[in-house]
Each structure stands twice: as structure tokens, then as C-alpha cells.
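Biologist: I'd like to learn how to read a model like this one. Could you walk me through a few features, one at a time?

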Amino acid sequence: MSGTVLITGASAGIGYELAQIFARAGHDLVLVARSKDKLTRIAKEISKAHSIQALALPADLSSPRAADEIYRALKKTPIEILVNNAGYGSHGVFTDLDLKEEVGQLEVNVLSLVRLTHLFARDMKARGAGRILNVASAAAFQPGPYMAVYYASKAFVLHFSEALAEELREFGVSVSALCPGPVTTGFQARANITESPMAKSSLLALDAHTVAREAYAGLMAGRIIITPGVLTRLMAFSTRFSPRTLSRKIAGRINGKP
């Protein structure tokens, strides 16, 4: 039997698809999301379909206490793979947006990820084995007007993951950052960008299953940066050579001025 995988944001989108893939590969699961009823139903369905153990662990990662509560609940369950997938975005001029919502976004996208990684990576390091997948975004490679906090949060996740990959390599722990472009999930509605040029364009969009499949393959291969899709890889690569002023303007137009 394979080791236990902890997945945040597991009730939909990439997190849900990764749960299915890991279960199919024989991993037991700990599924984290806010919706208790939905999460419990998904855990039961996956357990039955793949003959593995799936534990539903409801938690609100916008709370600073959530990571410690999750860790304490799993004290007797060694986590061999941590998937920090939970996250959300917002759209608008930063000064017009609700500050509480922006700070909450940082709690989920950045601080909960840091807390969970610190707690579980220590155990992995002590055991001399483990894998961590942090879900960043293609947005991590450039600034993003009208989604300023989201883009900045994903840049943090990417750089944090790359640094940890170097620090933990000698201890048998691999760290990967998943950097997908647009993915067809509930993210667009949550971020209020369903009418943006990016959301309306099908050129870069991938479905969640395709992204999850590439994420799993990259994680198991020990790749540090995983960018699903040829066009996403080209876009990420091109930002290295584009003037920052141009990158900002293009991102702002793609995100759509409110």
C-alpha cells in the first residue's frame, strides 16, 4: 500500500482530480476543504471506488489556527505527500476591493501553505522521505494588475517552493510547484472574472483532470516546476525576455479592467 496523501482544496477542481489519481494509485487520502457535507460524500465515494481509506477533514484555511488543528488531528497518521492546493483570487482595482477579503486570500494562498509545509516537512525530513506539491500558477511569473494580490501570492508560492526544493533535497524530500494557466474550475466565478478576456479565451484553458494528471506525473518524477500545456510553458518562458512594463500591460488587459 502506498503512503497517505493530504490534499487541501480537495472538494473540487484540481484538488478533486488529484484525489482521484492518488486513490487510483493506491494512496490513502486526507481530504481538506470547508464544505463538510460535500467533502464527506467525496471521501466515501473515493474510498468505495478505489478500495482505499479517505478521511474527510473539514477546515477553513483562512483561519490562522487551521494548520495546527489539521496537524494535531493527523498526529498518528504519517503524511508522505502534502498537496497544498487550496487557493482563490479576486478581481478589481486593489484600493476598491474589500481589505478583509484580500487579507483572507493571503491567509489561504500563502500563510496556510507555509504553516502546513513547515509542520509536515519537518516530519518528512526526519523520516528522510516525502513529497510536497504546492499549487502556484502561471500568474507567478509576472505582476497582474486587477488581480494584484493573487498574482503576488502565487509568485511567493513559486519562489518559496523552489527554495525549499534546494534546502530539502539532501534529506530525501522533493518539493514541486504546479504552475498551470487558466483551468476550467470554479475559480473564475469565485474571483469574479467570468467576463474577463482570459476567462473567455479557450486558447490557454485546460481541464482540471489534464492539469492534475500532469501535476501527478511531474511530482512523482521530482520536477521542481510543473507547467502543464505547451502554450503555458511558452508563456512562462516568454516572460523572461519581455520588458516588465510590457508584461504588466498585457496582464492587465488579459485580466480585464473593471
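Modeller: Sure. Let's begin with Arg248, which is found in helix H10. Keep in mind as we go that this is a predicted model.

Biologist: Is Arg248 buried, partly exposed or exposed?

Modeller: Arg248 counts as partly exposed, because its relative accessibility is 39% and that class runs from 20% to 50%.

Biologist: Which residues join Arg248 in a positive surface patch?

Modeller: The patch is formed by Arg244, Lys249 and Arg253 together with Arg248. Arg244 also sits in helix H10, which spans residues 244–255. With a relative accessible area of 51%, Arg244 is exposed, because the cut-off for that word is over 50%.

Biologist: What is the C-alpha separation between Arg248 and Pro145?

Modeller: Their C-alpha atoms are separated by 6.7 Å, although the two residues are 103 apart along the chain.

Biologist: Now the sheet. How do strands pair in general?

Modeller: Strands of a sheet pair through backbone hydrogen bonds, and they can run parallel or antiparallel. Here we have an open sheet of 7 strands in the order E3-E2-E1-E4-E5-E6-E9, with parallel pairing. E3 and strand E9 (225–226) are the edge strands, as each pairs on one side only.

Biologist: Which strands does E4 bridge to, and through which residues?

Modeller: Take strand E1 (residues 4–8) to begin with: 4 bridges join E1 to E4, and the two run parallel. Thr4 has Ile79 of E4 as its bridge partner, and Val5 stands opposite Ile81 in E4. E4 is also joined by 4 bridges to strand E5 (residues 130–135), again running parallel. There, Asn84 has Asn134 of E5 as its bridge partner.

Biologist: Why is E4 described as largely enclosed?

Modeller: Strand E4 covers residues 79–84, and 5 of its 6 residues are buried, so the rest of the structure largely encloses E4.

Biologist: What about backbone angles? What sign of phi do most residues have?

Modeller: Most residues other than glycine have a negative phi. Ser51 is not a glycine, yet its phi is positive, at about 55°. Ser51 is found in the loop between helix H2 (36–50) and strand E3 (54–56). At 61% relative accessibility, Ser51 counts as exposed.

Biologist: And what is the phi of Tyr146?

Modeller: Tyr146 has a positive phi of about 75°, and it is not a glycine either. Its place is in the loop between E5 and helix H5 (148–168). Tyr146 counts as partly exposed, at 22% relative accessibility.

Biologist: One last surface feature, please. Which residues form the nonpolar patch?

Modeller: Look for Phe94, Leu99 and Val103, which form a nonpolar patch on the surface. Together they have about 290 Å² of accessible area. Val103 lies in helix H4, which covers residues 99–127, and is partly exposed with a relative accessible area of 43%.

Terms used. Residues are numbered from 1 along each chain as its sequence is written. This is a predicted model: local features need pLDDT of at least 70, side-chain atom pairs count only at pLDDT 80 or more; totals for chains, interfaces and linings use all residues. Side-chain values use heavy atoms; hydrogens and water are left out. Patches are made of residues with over 30% relative accessible area and no salt bridge: like charges are joined within 9 Å, nonpolar side chains (Val, Leu, Ile, Met, Phe, Trp, Tyr) within 5 Å. Accessible areas come from the Shrake-Rupley method with a 1.4 Å probe; for residues, only the protein chains shown count as cover. A salt bridge is a side-chain nitrogen of Lys or Arg within 4 Å of a carboxyl oxygen of Asp or Glu. Lys and Arg count as positive and Asp and Glu as negative; His and the chain ends are not counted. The place of a charge is taken as NZ of Lys, CZ of Arg, CG of Asp or CD of Glu. Buried means under 20% relative accessible area, exposed over 50%, partly exposed in between (1.4 Å probe, protein chains only). Two strands pair if DSSP finds at least two bridges between them.
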